[in-house]
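User: I would like a close look at the inside of this structure, meaning its enclosed spaces and the packing around them. Please keep the wording plain.

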Amino acid sequence: MAVTLFLPTVLAKLADGRAIESTGETVGAVVANVAARYPNLAPRLRDETGQPYPFVTFYLNDEDIRFNGGFEAPVSDGDELTVVPAIAGG
Amino acid sequence: MATATAPLATQLEELSSDEILRYSRHLILPEVALEGQQRLKASRVLLIGAGGLGSPLALYLTAAGVGTIGLVDFDVVDVTNLQRQIVHGSKDVGRPKLESARDRLKDMNPHVHVEGYETRLTSENALEIIRDYDIVIDGTDNFATRYLTNDACVILGKPNVYGSIYRFEGQSSVFATEDGPCYRCLYPEPPPPGLVPSCAEGGVLGVLPGLVGTIQATEGIKLLLGIGEPLIGRLLLIDALSMQFRTMRLRKNPNCPACGTHEIRELIDYDQFCGIGGDPLQDPHGIPEITPAELAAKQQRRDDFDLIDVREPHEWAIAKIPGARLVPLGTFTESLATFDSARDIVVTCKMGGRSAKAVRQLQAAGFKKVWNLAGGILRWSDDVDPSVPKY
Ligand SMILES: [Zn+2]
């Protein structure tokens with residue numbers, strides 16, 4: 001499945017830009033594909049065991065993946081995956 | 001509808017003729033009208049933080065005629081705040097933010113009562129302070145206070161209008177309403193300290209808190225009036241660079257320890273929860289330090305050592321300590337091989353936080369003679385060389 005991963009500006013500099021094309025059958029596979037291509041970005045997306053962090057939320061289209069199996073959530077062609085890390089500035 | 005306390009219209013205090021004139025553009029809005037304006041006057045809103053988000057929040061809520069505005073802040077106005085904290089002025093530098101904000105708000109609208117709490121919000125005082133308010137607006141600048149505010153609001157059943165910012169991006173939502181999700185449903189745990197730089201380290205576009213703070217103020221007023229569709233169960237993402245606003249669906253997590261299972265019945269130690277001070281590896285006090293004065297003496301003695309600056313190139317362009325070598329933290333791991341473990345190494349950054357991380361990395365790689373420059377280049381400017389600009 002071809003999926004586009006969207007990064008916030010703060011992470012975009014660790015990759016080639018804000019929108020990265022990736023593939024996989026699940027969210028986890030899509031993220032692993034991106035992580036393998038951008039080693040500096042990888043630790044900002046998931047932990048060393050490949051699991052999601054509690055402080056980085058992934059939205060598959062507009063839905064939080066935590067409510068749909070987390071990294072096991074299946075993806076479809078053309079899906080958009082958006083990374084939303086916790087920020088605390090005020 | 002998730003309104004806070006809603007007194008009967010007949011119990012609401014009348015508006016004076018001065019107030020009727022002042023609020024006339026509200027009064028002719030059918031969604032607000034006289035009763036809505038009286039409702040605002042009867043309302044009590046607590047703002048956590050009188051900084052970037054707190055400035056537009058306080059200004060607009062005051063202008064709108066919210067009867068009582070509580071402000072929690074213990075900071076002092078610094079000249080670097082003025083790029084975005086528009087409730088304070090140049091003449092206020094050095095004054096407590098509470099005093100400065102109170103003067104400005106009183107000048108803007110004498111009908112509004114401003115209550116100040118010159119303290120850090122803590123597990124000891126949060127419930128007591130928040131209890132007296134209808135809604136809470138979270139404009140703080142750190143994770144520990146955000147989780148504390150969230151949990152206190154869930155425990156007390158007070159809506160929490162959330163906003164946070166970083167560089168060019170912002171988030172907003174309304175948490176802790178009766179059926180809606182809370183901050184922990186969005187982020188069950190905070191990132192480890194040091195992973196996400198603060199605005200002081202990472203920077204923030206000065207207008208951004210204006211964008212996000214006015215969204216929070218809008219949501220607050222909607223909640224108080226019981227109008228429109230509040231940002232409950234939705235997370236608004238704001239990207240100022242692409243000027244895109246996106247709304248994501250936010251669901252209440254049935255396993256959320258705050259709003260789901262209600263395991264959290266009382267406030268915890270949020271510094272510990274956020275990993276501040278608990279882990280010796282994360283403890284900035286556990287690593288060897290050198291003061292700027294000691295470093296200057298070392299330079300004067302012409303000691304043999306390397307001074308490594310781990311800031312970003314755009315910061316290096318603003319100010320640097322003579323004799324330093326730039327190795328940005330992002331490329332630090334790859335650069336480890338270029339360091340000589342036989343020589344003394346002093347590491348610096350802007351304030352000492354990032355360099356502490358670099359010192360830990362060096363220690364983990366087996367370097368024994370490494371020191372962190374206490375207070376970074378800012379303290380170097382204060383203690384040794386004021387010609388090095390502070391930023
Ligand atoms: Zn929750």
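How many cavities of 30 Å³ or more does a search of the whole structure find?

Analyst: The model is a predicted one. A search of the whole structure finds two cavities of 30 Å³ or more.

The largest cavity holds about 110 Å³ of space. Twelve residues line this cavity. Nearest its centre are L11(A), R44(A), P85(A) and A86(A) from chain A, together with V196(B) from chain B. The lining of the largest cavity is made up of eleven nonpolar residues and one charged residue, with no polar ones.

The second largest cavity has a volume of about 30 Å³. Its lining consists of E19(B), Y23(B), K41(B), G65(B), V66(B), G67(B), H111(B) and V112(B). By class, three of these residues are nonpolar, three are polar and two are charged.

Open spaces come next. The second largest pocket has a volume of about 390 Å³. It is lined by 21 residues, and those nearest its centre are P8(A), R18(A), E169(B), L237(B) and D239(B). Four strands each supply at least two residues of this lining: β5 (80–85) of chain A, and β6 (169–175), β7 (234–239) and β8 (244–249) of chain B. Strand β5(A) gives the most, with five residues. The lining of this pocket divides into eleven nonpolar, five polar and five charged residues.

Now for the packed parts. The largest nonpolar core has 67 residues, and F58(A) and L81(A) touch the most other members. Helix α7 (residues 143–156) of chain B gives the most to this core, with seven residues. A second, separate core has 39 residues, including A58(B), L105(B), V204(B) and L236(B).

Within the largest core, F58(A) can be followed residue by residue. Leaving out residues up to four places away in sequence, F58(A) touches L5(A), V31(A), L45(A), E63(A), D64(A), I65(A), F71(A), L81(A), T82(A) and V83(A). L81(A) is thus named twice, as a contact of F58(A) and as one of the two residues that touch the most other core members.

A little further along chain A is N61(A), in the loop between β3 (56–60) and β4 (63–64). N61(A) has a positive phi of about 55 degrees although it is not a glycine. N61(A) counts as partly exposed because its relative accessibility is 32%, and partly exposed covers the range between under 20% and over 50%.

Helix α7 of chain B also holds T145(B). T145(B) counts as buried because its relative accessibility is 8%, and buried means under 20%. Apart from neighbours within four places in sequence, T145(B) is in contact with I48(B), L121(B) and T140(B).

Two other helices of chain B contain partly exposed residues. A33(B) belongs to helix α3 (residues 33–42), and its phi is near 60 degrees, a positive value in a residue other than glycine. The relative accessible area of A33(B) is 23%, so A33(B) is partly exposed. G210(B) is found in helix α10 (residues 208–225). At a relative accessible area of 27%, G210(B) is partly exposed as well. G210(B) and L53(B) are 157 residues apart in sequence, yet their C-alpha atoms are 6.7 Å apart in space.

Chain B as a whole is assigned two domains, domain 1 (17–273) and domain 2 (283–383). Their centres, taken over C-alpha atoms, are separated by 37 Å. Where the two domains of chain B meet, four residues of domain 1 are in contact with six residues of domain 2.

The last part to look at is the packing around two helices towards the end of chain B. Helix α15 (residues 353–364) includes A358(B). The relative accessible area of A358(B) is 0%, so this residue is buried. Apart from neighbours within four places in sequence, A358(B) is in contact with V310(B), L329(B), F332(B) and V347(B). A358(B) and G213(B) are 145 residues apart along the chain, and their C-alpha atoms are separated by 35 Å.

Helix α16 (residues 376–383) of chain B has G376(B), I377(B), L378(B), W380(B) and S381(B) buried. Among the elements that cover these residues are α12 (292–300), β12 (344–348) and β13 (370–373) of chain B.

How values were computed. Residues numbered from 1 in each chain as written. Chains lettered and ligands numbered in written order. Predicted model: local features only at pLDDT ≥ 70, side-chain atom pairs only at ≥ 80, totals over all residues. Heavy atoms only, no water. 1 Å grid on protein atoms, 1.4 Å probe; cavity = no way out; pocket = protein on both sides within 12 Å on 5 of 7 lines; lining within 4 Å. Points joined across faces, edges and corners; volume = space filled by probe spheres on them. Nonpolar A, V, L, I, M, F, W, Y, C, P; charged D, E, K, R; others polar. Core = buried A, V, L, I, M, F, W, Y, C linked by side-chain atoms within 4.5 Å. Buried < 20%, exposed > 50% of the residue type's maximum accessible area, 1.4 Å probe, protein only. Contact = heavy atoms within 4.5 Å. Domains from an automatic or database assignment.
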